[in-house]
Structure formats: C-alpha cells, structure tokens
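Thanks for sharing this one. Here are my notes as numbered points, to be read with the coordinates open beside you.

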Amino acid sequence: DIRPGFDLVATGGPSRLLKIWNTETGELVKSIKKHTDWITALDLSADGVLLASGDRNGGVWVWESASASEFHTLRGHQAAITAAVFRADSNLLATASEDGSVRFWEMNGGSEVKKLDAHPGGVTAFAFGHDGSSISAGRDRKAKLWKADFSPARDLAVDLPALPTGVALDHEGKRAFIADAQGVVRVFDTADAKAVGEIHANPPSIEARLTALKSDSAGFKFWTAAAINARALATRHEAEEAVLAVEDSFIDFSRRARALSERAAALNSKRDELD
C-alpha cells in the first residue's frame, strides 16, 4: 500500500518481513521482522499515521508509519488474515480471516469492538464504504453488505460462479464490485442487490476474436482488407528502404571514385613537374 502523501510504500510477502520504502529515493527505510508467517494483508490509514499488517498465521500488528514503532498487537484470529482495512476516519481497523470472521478494532486502545461471523469456511475479501458501511465475501461464494453499525444490511450475491477474491464499494455506496478467481468483476446495485453488469478483466483469446470476426461478415471483410493494406504498406516501405540503401551505396561509391580521381590527377601533375 502507499501512504496518502505518496512518500512511503509498504510491502510484505513470503519473506515475513514488513518493509517500508521511500518513493523519492527508492531506498528501504525500515525492515520489520515480527511476523511468523507470510504477510498476506496490509493497509495504511487514510491519515497516513498508522500501518496495519496481517499474516498467514492469524497475527495482526499496527505500526506507526513514520517511525515503524509497534503501536498495537491484535490477537483473536485463528487462521490466515485475508484483509486488513482502515475505516475512512482511520479510527477503526477491520481484519478479515480464513477463520470466517471479521473483527473490528478501535485504535485508541487496540481493543476489539465487534466480531462478525461473516462467512462459514473463510472470509476472502472485505472493504469499507466511504460512509462506514462495508462489504464482505467468502468461501461460501456469497457477498454481504453490512451497515455502519455492523448489523447486516442484505445478502448482495449468492452462489457466485467462482471464488470471490476482491470487493469494493463506490464513493456513494450505490454500486458494489465483486471480483472472482476467473478474472470477472460483477457489479451490483446495493439498494436492491440486482446485478447491473460485468467487467471481464481477462481479454478473449486471439482465436476467439477471429471466430467472432468471421461470424460478422462485414467486420471480417473490413479487417481482412485492413490487414492486406497494412501488408502492402509494409512491403512498399521495405522496397523504399532498399532503394534508399542502393542510392546511399552509389553516392558513397561516387564520392570515393571522385576522391581517387582527384588524387590521381594530383600525382600526375606532380610527375609532370618532376619531368
């Protein structure tokens, strides 16, 4: 994640090291060795003061982003952390886990204020809305909306075709976005949970595009003509380059011949003088 001022970037991964980088110089500012397993989630607060990190062993820590000093150790989860997200006011941290729960922690004292048993089998994604509402998704292939007071609002999607891997709410909280393991982002209206569209992150293969073009006779003819024209232009360009290369060689040969003639004339003139 990147700090709101764009001056620091925090990274984590299989090395178990939480690293903080200076974006201006590219230098490593701090390397924190605290996690006992892969770091699987992190988030910088909106005010840029705090950094939260979670790991595959269920460990969660909060740090001061400027000094990298430990701020809170948050214990409660029993499985891997899949999301660590600050609310917009930076006063509340949500952590989601493969243990099926989402826990909320206040940042003044680091105490847990609420636990949601959100998704049996594991929570795979969580996000706050701008107004404090939230959305979660899990291995039960459901997505749920939650009110700002942590009470359930509605089931947003059930029986999703693939495992949900990411969720988001728009700024006004009117649209929800659910990404899955197949590369599809589904869009829902939060007011009535109706599906309003899909975004396909994985483009169709070249073979599929050609098949679609062939089914569209006019389109296929257009692109076939375009391909022929492009090849013709390329051939013409290659021919022009060949002509230019020959002309350059001829010019270079003429220059050399002229220079040899001038040298021969000079030598002959000198010989005549000596005779």
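1. Let me start with the aromatic rings of this predicted model. Phe 104, Phe 126, Phe 128 and Phe 150 are linked into a cluster by ring pairs. In total, four aromatic pairs are counted. In the pair of Phe 104 and Phe 126, the ring centres are 6.0 Å apart and the planes meet at 70°, so this pair is edge-to-face, the cut-off for that class being over 60 degrees. Phe 104 belongs to strand S10 (residues 101-106) and Phe 126 to strand S12 (residues 123-128), so this pair links distant parts of the chain, 22 residues apart. Both Phe 104 and Phe 126 are buried.

2. Phe 104 has a further partner in Phe 128: here the centres lie 6.2 Å apart with planes at 55°, so the pair is tilted. Phe 104 sits in strand S10 and Phe 128 in strand S12, so parts 24 residues apart in sequence are tied together. How buried are the two rings' residues? Phe 104 has a relative accessible area of 0%, while Phe 128 is at 13% and counts as buried because the cut-off is under 20%.

3. Another ring worth a look is that of Trp 38. Arg 56 lies over its face, at 4.1 Å from the ring centre.

4. On to the hairpins, beginning with S1 (residues 8-11) and S2 (residues 17-22). These strands run antiparallel and are joined by four bridges, with Leu 8 standing opposite Asn 22 in S2. Five residues lie between the strands of this hairpin, where Arg 16 takes a positive phi near 70°.

5. S2 also pairs with strand S3 (residues 28-33), in the antiparallel sense and over five bridges. Ile 20 stands opposite Lys 30 in S3. This hairpin, too, has five residues between its strands, and Gly 26 in the turn has a positive phi of about 75°.

6. Further along, strand S16 (residues 164-169) and strand S17 (residues 175-180) run antiparallel, joined by five bridges. Leu 169 has Ala 176 in S17 as its bridge partner. Between the strands of this hairpin are five residues, and Gly 173 takes a positive phi near 75°.

7. Please also check two loop residues with positive phi that are not glycine. Arg 141 has phi near 60° and is found in the loop between strand S13 (134-138) and strand S14 (143-146). Arg 141 is partly exposed, at a relative accessible area of 35%. Asp 159 has phi near 55° and lies in the loop between strand S15 (152-157) and S16. At 67% relative accessibility, Asp 159 counts as exposed, because the cut-off is over 50%.

8. Finally, where is there empty space inside? The structure holds one cavity of 30 Å³ or more, with a volume of about 30 Å³. Its lining is made up of Leu 8, Val 9, Ala 10, Ile 20, Leu 44, Leu 51 and Ser 65. Strand S1 gives the largest share of that lining, three residues. By class, the lining has six nonpolar residues, one polar and no charged ones. Two of the names return from the hairpins above: Leu 8, which stands opposite Asn 22, and Ile 20, which stands opposite Lys 30.

Conventions
Residues numbered from 1 in each chain as written. Predicted model: local features only at pLDDT ≥ 70, side-chain atom pairs only at ≥ 80, totals over all residues. Heavy atoms only, no water. Pairing = 2+ DSSP bridges. 1 Å grid on protein atoms, 1.4 Å probe; cavity = no way out; pocket = protein on both sides within 12 Å on 5 of 7 lines; lining within 4 Å. Points joined across faces, edges and corners; volume = space filled by probe spheres on them. Nonpolar A, V, L, I, M, F, W, Y, C, P; charged D, E, K, R; others polar. Buried < 20%, exposed > 50% of the residue type's maximum accessible area, 1.4 Å probe, protein only. Phe/Tyr/Trp six-rings, centres within 6.5 Å; stacked < 30°, edge-to-face > 60°. Lys NZ or Arg CZ within 6 Å of the ring centre and 35° of its normal.
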